[in-house]
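Biologist: I'd love a close look at one part of this model, the pocket, with enough of the fold around the description to place the elements. Please take your time over it.

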Amino acid sequence: MTDKIKQAITDFVKGGDNSDTKLLDKVLHKDFRVTSNHFMGTPGVTIIEREKYLANVRDGVFGGLPRIMTIENIDVSETIASVKLRLESAENHFISYNTLVLDTDNEWKIINNLAVVSQKARL
């Protein structure tokens, strides 16, 4: 079971890194959303719904940079799972908590991405 969850998370990260909206479309639940507090330095909570997220990836607003991914924790309870990731790109550090559901097609889908994104210090 955790292998399928790891694959969904890996596809999510690769989809963002490669601006591959087809891959993202396969792993994102229809009700997917990103929730971020102080997103890239903006005050308050930012929520990005699935279609806006995919449009931002397609249009180059998000993604397009390879990231190093470390899965820190996977917690599974029957048909739901939580995954904590650390990601690092050339520009940013990410801590990402992802909630997945075992969807009606018997595939794990990411339904929520709760993320903290901070820019790396410039030299």
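Modeller: Happy to! A pocket here is an open set of grid points with protein on both sides within 12 Å along at least five of seven lines, and its volume is the space filled by probe spheres set on those points. Do keep in mind that this is a predicted model.

By that reckoning, the largest pocket has a volume of about 510 Å³. Its lining counts 25 residues, and those closest to the pocket centre are F62, G63, R67, F94 and V117. In character, the lining divides into 14 nonpolar, 8 polar and 3 charged residues. Helix 1, helix 3 (50-58), strand 5 and strand 6 are the elements that each give two or more residues to this lining.

To place those elements, start with the fold. There are 3 helices and 6 strands, and along the sequence they follow the pattern α-α-β-β-α-β-β-β-β. The strands make an open, mixed sheet in the order 2-1-6-5-4-3, with strand 2 (45-49) and strand 3 (68-77) at the edges, each pairing on one side only. From one strand to the next, the twist averages 15 degrees.

Helix 1 (residues 2-17), one of the contributors to the lining, lies across strands 1 (28-37), 3, 4, 5 (92-102) and 6 (108-119), and runs at about 140 degrees to strand 3.

Strand 5, another contributor, pairs with strand 4 in the antiparallel sense over 9 bridges. A hairpin joins these two strands through 3 residues, and one bridge can be picked out by eye: S82 has T99 in strand 5 as its partner. On to the edge, strand 4 (residues 80-88) is joined to strand 3 by 9 bridges, and this pair also runs antiparallel. Strands 3 and 4 form a hairpin with 2 residues between them, where E78 in the turn has a positive phi of about 60 degrees. To check the register on your screen, find I68 opposite E88 in strand 4, then T70 opposite R86. As you go along, remember that in a regular strand the side chains alternate between the two faces of the sheet.

Finally, the overall frame: the C-alpha trace spans about 45 × 30 × 25 Å along its principal axes. For 123 residues a compact globule would have a radius of gyration near 14 Å, and the protein's own 14 Å agrees with that.

Note on methods. Residues numbered from 1 in each chain as written. Predicted model: local features only at pLDDT ≥ 70, side-chain atom pairs only at ≥ 80, totals over all residues. Heavy atoms only, no water. Pairing = 2+ DSSP bridges. Helix = DSSP H or I, 4+ residues; strand = E, 2+ residues; numbered from the N terminus. Axes fitted to C-alpha atoms, helices over the stretch in contact; angles between N-to-C directions. Contact = heavy atoms within 4.5 Å. 1 Å grid on protein atoms, 1.4 Å probe; cavity = no way out; pocket = protein on both sides within 12 Å on 5 of 7 lines; lining within 4 Å. Nonpolar A, V, L, I, M, F, W, Y, C, P; charged D, E, K, R; others polar. Rg over C-alpha atoms; globule rule 2.2 N^0.38 Å.
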